[in-house]
Amino acid sequence: MRFLSGVLFLMLLAVPAAAQPWFARGEFNGWTTDNPMIVDPNDATHFTANVSGLFDNEPFNWKIAVEDWSVSMPTTDGRVHSDALGEINFHLWDQTSWSDGWFPNDVRRVGYEDHQQFDWEVAGDFNAFGNGAHDPNFFLTDMGNGLHRGVFALDAGIYDFKFRGVLPEPVDVWDTSIGNNFGNTAGNNTIAVGTNGDEWIFELDLPNGRWRAFTEAAPPAQVGDYNGNGIVDAADYTRWRDNLGTSNVLPGDPVGGVIGQQQFDNWKTNFGQGQAVQWLARSTQLGDQTLTDLGGGQFELNMTGLAAETDFEFRVVRSDLSASVPGSNMKVRADANGEIQLNFFELESGSWTDGWSPANTHRVGYVDHDLFDWELIGDFTGWGSDPLAAMIDQGGGLHTVDFTFASAGNIQFKFRQQGDWNTSIGDDFGNSANNNSLAVGAGELWHFELDLPNGRWRAFLDVAGAAATAVPEPGSLVIVLAGLLVCMAGSRRRVSL
């Protein structure tokens, strides 16, 4: 029995740890694991790393990643300058869901201490992205502690924008920028301005790896409106009850702290107050059109009388301008009858766990117009024009393809109108969204599915191919070994009898 216990102990030592350590990796250390991150003793979700011994004011591309690169942030490389002491101090918050009104809000956040080597600006459609130069009219003010802020009056419209470092000439004005995932070449951020002259506040928080844009013209959250839909109703009581006793942050809760009797009293006092917001399909070609609420978080819009087989671009926005999805316009072609049916899906909280992407709280799709086919395209096909992975139309707007990868690695891909970049679908289902990414093994067969009506896509490994190499999770292995120990011990007792 002592021998068996020793074997069990050694086997348990061989079980990999459930959590992997984090590393600051970049051009400053050859993308190695030389700079491990240290957990904050006061916050188990907060990690820091100090990189020193560099020249001052030197630019470096970087990521925060685990040792095997299976998880890394931001999705596209970040870019940072060393400070006057030749140091960079990184931060990571190991949390994947946020409700504090900042972005990104569905991934781990990574940032760095402000190096104070240059200022920042906002560049977007509203100023033609600076026309190749820095625009002093949109410079941000350094508020201290890495927070940069600006307030600007904008005309009505939907705008893409980024935060951009104000570096002295002749350095490229786009040398250092921050997009939607806090990466240097990430997708644009987006806002919807409702009225000419609305003042918008832009804030960039470097150490906390986050940004936000909002308008003081928008009404503040209604007290007691705990699901943020603009009206205090029975659904807010459910949200209060589900969060009772926690310190979760709720919209419409000016009290904060542990959720309890005060939050209930505020809900009860304000029951029926506010005005329900609407979801709008916003298009520069067709204006705003209100989606029909079908209940259960489902909305739709049927558009008729359009020019047949013509492309239209859309976003779905809340009427209070607090949300706009997807991150970039989606492009939809009217069918042969000049019709488009948009479908919109909303979760009040949390995120989808059905294995499809995007997995955040909103999805927007459309009924397949059946006017062209689709293909899978990526760096593994050289982003070429040949339909090396033509998708099969399964009917009902579902398109699928199987692809066997010749070599292992992290691949980038999109779904595209076959042979043409006119229409494509990236990570958030937008037409000019970021690439999707995937870690594949040599010889692995992967299935790809594009579901147009439900606004989602997924990729998964062939089950038969994965079964032969499947490894039990550490917890499962412990249970199996423990069961083996009990069985063998029981067997020994029976022999003794």
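Two strands are said to pair here if DSSP finds at least two bridges between them, and the strands themselves are DSSP runs of E with at least two residues, while helices are runs of H or I with at least four residues, numbered from the N terminus. The model on your screen is predicted, so local features need pLDDT of at least 70 and side-chain atom pairs count only at pLDDT 80 or more, whereas totals for chains, interfaces and linings use all residues. Residues are numbered from 1 along each chain as its sequence is written, and side-chain values use heavy atoms, with hydrogens and water left out.

**First stop: two open sheets**

Select strands 18, 19, 22 and 23, which form an open sheet of four strands in the order 18-19-22-23 with antiparallel pairing. Its edges are strand 18 (292–295) and strand 23 (362–366), each of which pairs on one side only. From one strand to the next the twist averages 25°, where axes are lines fitted to C-alpha atoms (for helices over the stretch in contact) and angles run from 0 to 180 degrees between N-to-C directions. Within this sheet, strand 19 (residues 298–303) and strand 22 (residues 340–346) run antiparallel and are joined by six bridges; to find the register, pick N302, which stands opposite Q341 in strand 22.

Now select strands 17, 16, 20 and 21, an open sheet of four strands with the order 17-16-20-21 and antiparallel pairing. Here strand 17 (287–290) and strand 21 (324–333) are the edge strands, each pairing on one side only, and neighbouring strands are turned by 30° against each other on average, direction ignored. Strand 16 (residues 279–283) runs antiparallel to strand 20 (residues 311–318), with four bridges joining them, and L280 can be shown facing its opposite residue, V317 in strand 20.

**Second stop: strand 11 and its partners**

Move to strand 11 (residues 157–166), where eight of the ten residues are buried, so this strand is largely enclosed by the rest of the structure. Buried means under 20% relative accessible area and exposed means over 50%, with partly exposed in between, using a 1.4 Å probe and protein chains only. Add strand 8 (residues 119–124), which pairs with strand 11 in the antiparallel sense over six bridges, and label A123, whose bridge partner in strand 11 is K162. Then add strand 13 (residues 189–193), which runs antiparallel to strand 11 and is joined to it by five bridges; Y159 stands opposite I191 in strand 13. Strand 12 (residues 177–178) also pairs with strand 11 in the antiparallel sense, over two bridges, and R164 stands opposite S177 there.

**Third stop: T215**

Select T215, placed in strand 15 (residues 210–215), and note that T215 is buried, with a relative accessible area of 10%. The side chain of T215 reaches the backbone oxygen of E199 at 2.9 Å, which can be read against the definition of a polar contact: a pair of N or O atoms within 3.5 Å, where within protein one must be able to donate a hydrogen and the other to accept it, and residues adjacent in sequence count only if both atoms are side-chain atoms. Not counting residues up to four places away in sequence, T215 touches D198, E199 and W200, contact meaning heavy atoms within 4.5 Å.

**Fourth stop: aromatic rings**

How many aromatic pairs does a search of the whole structure find? The search finds 35, where rings of Phe, Tyr and Trp (its six-membered ring) pair if their centres lie within 6.5 Å, planes under 30 degrees apart counting as stacked, over 60 as edge-to-face and the rest as tilted. Show F28 and F90, a tilted pair at 5.6 Å centre to centre with 35° between the planes. F28 lies in the loop between strand 1 (22–26) and strand 2 (38–40) and F90 in strand 6 (residues 88–93), so the pair ties together parts that are 62 residues apart in sequence; both F28 and F90 are buried.

For a cluster linked by ring pairs, select F103, F126, F138, F152, Y159, F161, F163, F202 and W211.

**Last stop: charges over rings**

Finish with R109, which lies over the face of W98 at 4.0 Å from the ring centre, and with R416, whose charged end sits over the ring of W421, 4.7 Å from its centre. A charge sits over a ring if NZ of Lys or CZ of Arg is within 6 Å of the ring centre and within 35 degrees of the ring normal.
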